[in-house]
Amino acid sequence: MAGDPPFLKGYLFLMTDFAALNLLSPILSALHHAGYTQPTPIQAQAIPHLQSGRDLLGIAQTGTGKTAAFALPILDRLGRRQARSRPGHARALILAPTRELASQIDASFAAYGARMQLSRALVFGGVNQHSQVRAMVRGVDLLVATPGRLLDLMGQGVISLERLEVFVLDEADRMLDMGFIHDIHKVIAKLPPTRQTLLFSATMPKEIASLAESLLQNPVRVEVAPTSTTVDRVEQKVYLVEKGHKILLLKDVLQNQTVRQALVFTRTKHGADRLADTLGAAGVEVSAIHGNKSQNAREAALNGFRNGRLRVLVATDIAARGLDVPGVSHVINFDLPNEPESYVHRIGRTARAGRDGMAISFCDTSERGFLRDIERTIRCSVRIDAEHPYHSGAAEALPAKSGPTPTKGKAKSKTAKPPATVGAAEPVTCSLPTATRRTPQPKPQEVQTKPPLAGPDAPATRRQQASSSFPAATRHTPQPKPQAVQAKARLAAPDASAVRRQQASSSLPTATRHIPQPKPQAVQTKARLAGPDAPATRRQQASPTLLAAPLRPARLPRQRKGGAKPLTAQK
Ligand SMILES: Nc1ncnc2c1ncn2[C@@H]1O[C@H](COP(=O)(O)OP(=O)(O)OP(=O)(O)O)[C@@H](O)[C@H]1O
Ligand SMILES: [Mg+2]
């Protein structure tokens with residue numbers, strides 16, 4: 001694969017707008033139409049590398065625009081090198097773990113590529129294959145698929161990947177987890193050796209990272225925020241509750257009219273149906289979505305939720321990854337997930353694209369260990385809120401050890417980590433100002449390859465940068481606690497403007513930084529746009545700060561040990 005253009009090497013590369021990314025004009029015009037004014041950090045950092053042909057692993061928080069980070073350079077590449085599609089062939093393949101996400105990604109390509117003449121096909125199971133076969137007859141530029149049906153159609157000779165130019169795994173860690181890895185291996189075996197491979201996710205557990213790296217050649221790692229970082233604008237809290245009181249508690253929560261739209265997660269499909277029935281009987285506009293529903297029922301439920309007809313959608317983890325429903329004000333974990341990464345993705349269904357959101361997790365006595373595992377993974381502790389009518393003293397009295405709290409017949413957490421070392425520092429509370437959060441120290445190799453960090457607060461600073469993905473005007477700014485004020489004072493004077501604060505917090509020498517100054521009319525536009533329904537234009541004012549580093553050399557692939565319950569592989 002080609003190397004980076006010289007202007008990228010070792011320098012901070014900042015964009016003030018999409019035009020600076022040198023994208024084809026039909027793409028720019030589609031972005032303008034969509035109301036995007038500035039690239040988010042993952043877009044600003046990833047797109048130039050992708051345009052230069054590099055393989056890439058992109059890690060950025062939920063809801064920060066990873067889809068466009070891969071879709072725009074793919075459209076740009078295919079648009080520049082127009083080639084006749086051959087019957088049955090695809091030029092770019094994007095794989096996603098669920099049909100709904102595949103469909104959403106295809107819709108994003110349709111929107112960003114609306115002014116281009118590129119052909120697309122969307123391939124997933126649960127529906128008749130006729131239209132998919134027809135779409136492939138003449139070959140396509142863009143193919144978005146779930147692995148099962150793709151392999152079916154490849155087996156039938158309907159689809160060939162021999163001439164593929166770009167291969168993308170969205171939600172890469174899920175795609176490389178046990179539920180999908182066998183299918184992914186089969187797909188990869190059919191890809192040409194010379195191709196561009198892109199992996200994107202908000203999480204990348206260590207066990208999967210080495211396998212991921214082995215799929216890439218001379219890759220760049222763009223990590224806008226440390227893996228599994230939750231978005232600061234999600235206010236996270238836990239309600240300790242007896243298992244038998246969870247439904248009453250949920251009904252109580254839904255009484256609150258600030259809960260405009262809630263996505264409620266249960267552990268099982270059966271549990272999702274039961275809960276939806278109970279809420280429906282209580283007069284809530286609700287539906288359920290999970291893998292046992294027909295594709296029609298799944299689509300009807302998601303569409304009803306998207307268009308606001310349903311106030312509540314009860315879902316299994318099938319809806320945890322990637323789905324972008326702007327109206328979701330609350331995510332409620334009716335059951336805590338036993339896989340910490342699922343928590344990150346579930347709560348990431350709210351507070352997207354610069355909006356605020358709330359995540360409430362119900363935790364019974366058997367789930368205290370799951371909570372502990374989650375807190376270790378996200379590196380902050382979720383505030384326990386006892387101000388509700390069903391607070392469980394029994395759950396509070398339990399020591400929070402990793403893994404499930406042993407009770408009769410309960411499944412064990414497959415990803416449980418060893419208990420904390422005695423005396424280890426407790427993580428700080430989630431959703432506090434980022435400067436007070438504990439963040440992991442970069443590994444030695446990363447230190448070498450990343451731009452120098454600025455002093456002892458540097459990791460927190462990186463987090464601060466990462467949280468500035470969308471305009472400050474639309475962000476919920478928690479009131480700083482006294483110690484947070486102190487921490488911030490080290491970063492910037494109290495009267496500094498947002499831009500100056502950003503400048504002060506940047507980890508790179510100022511000489512190499514370009515700080516976009518808001519244009520007068522842009523400021524005006526933003527002021528009008530603070531509400532949750534604000535179009536994307538107003539939501540978006542990226543403070544692009546870049547931390548791109550070459551990946552460590554690939555290690556031998558290793559299957560994730562006892563990974564969490566995989567999503568059913570999608571046909
Ligand atoms: N540059 C931009 N300007 C304004 N809005 C944007 C921009 N890029 C993306 N968005 C919007 O942000 C929202 C989230 O984008 P996207 O779904 O790509 O996030 P993601 O990072 O893939 O999240 P997840 O990890 O949950 O999959 C979408 O509604 C999208 O339209
Ligand atoms: Mg996504």
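Start by selecting Gln261, which is partly exposed in this predicted model. Why does Gln261 count as partly exposed? There are 19 other C-beta atoms within 10 Å, and a residue needs 20 or more to count as buried. You will find Gln261 in the loop between helix H10 (246–255) and strand S9. Now show its surroundings: leaving out residues up to four places away in sequence, Gln261 touches Arg311, Gly327, Val328 and Ser329. Add Leu313 too, and draw a distance between the two C-alpha atoms: Gln261 and Leu313 are 52 residues apart along the chain, and these atoms are separated by 8.2 Å.

Next, step along to Val264. Besides its neighbours within four places in sequence, Val264 is in contact with Leu250, Leu275, Val312, Val314, Ile332 and Phe334.

Now colour the sheet. Seven strands form an open sheet with parallel pairing, in the order S10-S11-S9-S12-S13-S8-S14. Which strands sit at the edges? They are S10 (286–289) and S14 (383–384), each pairing on one side only. Then select helix H11, residues 269–281, which packs on the sheet and touches S9 (262–265), S10 and S11 (312–315). The direction of H11 makes about 175° with that of S10.

Go to the S14 edge and bring up strand S8, residues 234–240. S8 and S14 run parallel and are joined by two bridges. Within this pair, look for Lys237, which stands opposite Arg383 in S14. If you turn on the backbone here, keep in mind that strands of a sheet pair through backbone hydrogen bonds.

Time to look at the nonpolar core. The largest one has 130 residues, and Val264 from earlier is among those with the most contacts inside it, as are Leu93, Leu143, Val144, Ala212, Val314 and Ala315. Which helix gives the most to this core? Select H3, residues 66–80, which contributes eight residues. Colour domain 1 (6–223) and domain 2 (234–397) separately: both give residues to this core, so the core lies between them.

Another stop is helix H4, residues 99–112. Its 14 residues reach 20 Å from the first C-alpha to the last, close to the 20 Å expected at 1.5 Å a residue. Show the side chains of H4 and pick out its buried residues, including Arg99, Glu100, Asp106, Phe109 and Tyr112.

Finally, zoom out to the whole chain. The protein chain has 21 helices and 15 strands, and 49% of its 571 residues count as buried. Among contacts with a separation of 6 or more, 80% come from residues 24 or more positions apart.

Definitions and conventions. Residues are numbered from 1 along each chain as its sequence is written. Chains are lettered from A and ligands numbered from 1 in the order in which they are written. This is a predicted model: local features need pLDDT of at least 70, side-chain atom pairs count only at pLDDT 80 or more; totals for chains, interfaces and linings use all residues. Helices (H or I, at least four residues) and strands (E, at least two) are DSSP runs, numbered from the N terminus. A residue is buried if 20 or more other C-beta atoms lie within 10 Å of its own, exposed if 12 or fewer, and partly exposed in between; C-beta atoms are placed from the backbone. Two residues are in contact if their C-beta atoms, placed from the backbone, lie within 7 Å. Two strands pair if DSSP finds at least two bridges between them. Axes are lines fitted to C-alpha atoms, for helices over the stretch in contact, and angles run from 0 to 180 degrees between N-to-C directions. The expected span of a helix is 1.5 Å times one less than its number of residues. A nonpolar core is a set of buried Ala, Val, Leu, Ile, Met, Phe, Trp, Tyr and Cys residues joined through C-beta atoms within 7 Å. Domain bounds come from an automatic or database domain assignment.
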